[in-house]
Amino acid sequence: MIRRPPRSTLSSSSAASDVYKRQGIDCVNPHSKTGGYIVYSTCSVTVEENEAVINYALNHRYVKIVETGVQVGVSGVIAYKKYRFPASMKLARRVYPHVHNMDAVSYTHLRAHETRHDLVCRLLLEKKKKKKK
């Protein structure tokens, strides 16, 4: 990553953008050719736009945080003001402009996993295919 010249920008997270972020996570298919991986990344380091959205995904979707394989930045936040996040949030990464001399960014590598229902459906389909042969 290359740091851009400093400029004054402020952005706020609206309810609509949070919905879009969550819908993006909803689209992850554990049976895709890539294995259901998604990189959740924002150009901000606010807890509300990063760890809070990831925590929502962990609690409401069938995803888990996995190693990014990139060690740029510092670990994700597990406690901030009223927020408390699981220990796996340490696998998320944050890049701070004043520390890393790069633009602010937060990134987390998620992987969708099968639910019990998905597993049963997949096994039944496989069994049905074997009977046809």
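Glu51 is buried, and so is its partner Arg94. In this predicted model, the two residues form a salt bridge whose closest N and O atoms are 2.7 Å apart. The pair brings together distant parts of the chain, with Glu51 in helix α2 (residues 51-60) and Arg94 in strand β6, 43 residues apart. In general, side chains of opposite charge can pair when their charged atoms come close. The count of salt bridges here comes to one, which makes this pair a handy place to begin a tour.

## The chain as a whole

Let us step back for the overall layout. The secondary structure comprises four helices and seven strands, and from the N terminus the elements follow the order α-β-α-β-β-β-β-β-α-β-α. Of the 133 residues in the chain, 32% are buried. About 9,200 Å² of surface is exposed, and carbon and sulfur atoms supply 57% of that area. Among contacts with a separation of 6 or more, 63% join residues 24 or more positions apart.

## Strand β7 and its partners

Which strand has seven of its eight residues buried? It is β7 (residues 105-112), and with that burial the strand is largely enclosed by the rest of the structure. Three strands that pair with β7 are set out here.

| Strand paired with β7 | Sense | Bridges |
|---|---|---|
| β1 (residues 37-42) | antiparallel | six |
| β2 (residues 63-66) | antiparallel | four |
| β6 (residues 93-95) | antiparallel | three |

Individual bridges help to place these strands on the model. Ile38 has Leu110 in β7 as its bridge partner, and Leu110 is also the bridge partner of Ile65. For β6, look at Val95, which stands opposite Val105 in β7. Strand β6 is also the home of Arg94, the salt-bridge residue met at the start.

Strand β1 offers another residue to look at. Val39 lies in this strand and is exposed, with a relative accessible area of 55%. Since the cut-off for exposed is over 50%, that value places Val39 in the exposed class. Beyond its neighbours within four places in sequence, Val39 is in contact with Thr108 and His109. Ile25 sits 14 residues from Val39 in sequence, and their C-alpha atoms are 9.4 Å apart.

## The nonpolar core

Nonpolar side chains in soluble globular proteins tend to be buried together. In this chain, the largest nonpolar core has 16 residues, and those with the most contacts inside it are Ile25, Tyr40, Ile54, Met89 and Leu110. The elements that give two or more residues to this core are β1, α2, β2 and β7. Which element gives the largest share of this core? That is α2, with four residues.

Leu110 therefore appears twice in this account: as a core residue with many of its contacts inside the core, and as the bridge partner of Ile38. Met89 is another core residue worth a look. Leaving aside its neighbours within four places in sequence, Met89 is in contact with Glu51, Ile54, Asn55, Leu58, Ile65, Gly76, Val77 and Ile78. That list includes Glu51, the residue that forms the salt bridge with Arg94. It also includes Ile65, whose bridge partner in β7 is Leu110.

## Helix α4

Is helix α4 largely enclosed or largely in the open? Of its 17 residues, the number buried is zero, so α4 lies largely in the open. The helix covers residues 116-132 and reaches 25 Å from its first C-alpha to its last, close to the 24 Å expected at 1.5 Å a residue. As background for viewing the helix, an α-helix has 3.6 residues a turn, so residues three or four places apart point the same way.

## Two loop residues with positive phi

Most residues other than glycine have a negative phi. Two residues of this chain are worth checking with that in mind. Lys81, although not a glycine, has a positive phi of about 50°. Lys81 is found in the loop between β4 (79-80) and β5 (83-84), and it is exposed, with a relative accessible area of 65%.

Asn101 also has a positive phi, near 55°, in a residue other than glycine. Where does Asn101 lie? Asn101 is in the loop between α3 (97-100) and β7. With a relative accessible area of 56%, Asn101 is exposed.

Methods. Residues are numbered from 1 along each chain as its sequence is written. This is a predicted model: local features need pLDDT of at least 70, side-chain atom pairs count only at pLDDT 80 or more; totals for chains, interfaces and linings use all residues. Side-chain values use heavy atoms; hydrogens and water are left out. Buried means under 20% relative accessible area, exposed over 50%, partly exposed in between (1.4 Å probe, protein chains only). Two strands pair if DSSP finds at least two bridges between them. Contact means heavy atoms within 4.5 Å. The expected span of a helix is 1.5 Å times one less than its number of residues. A salt bridge is a side-chain nitrogen of Lys or Arg within 4 Å of a carboxyl oxygen of Asp or Glu. A nonpolar core is a set of buried Ala, Val, Leu, Ile, Met, Phe, Trp, Tyr and Cys residues joined through side-chain atoms within 4.5 Å. Accessible areas come from the Shrake-Rupley method with a 1.4 Å probe; for residues, only the protein chains shown count as cover.
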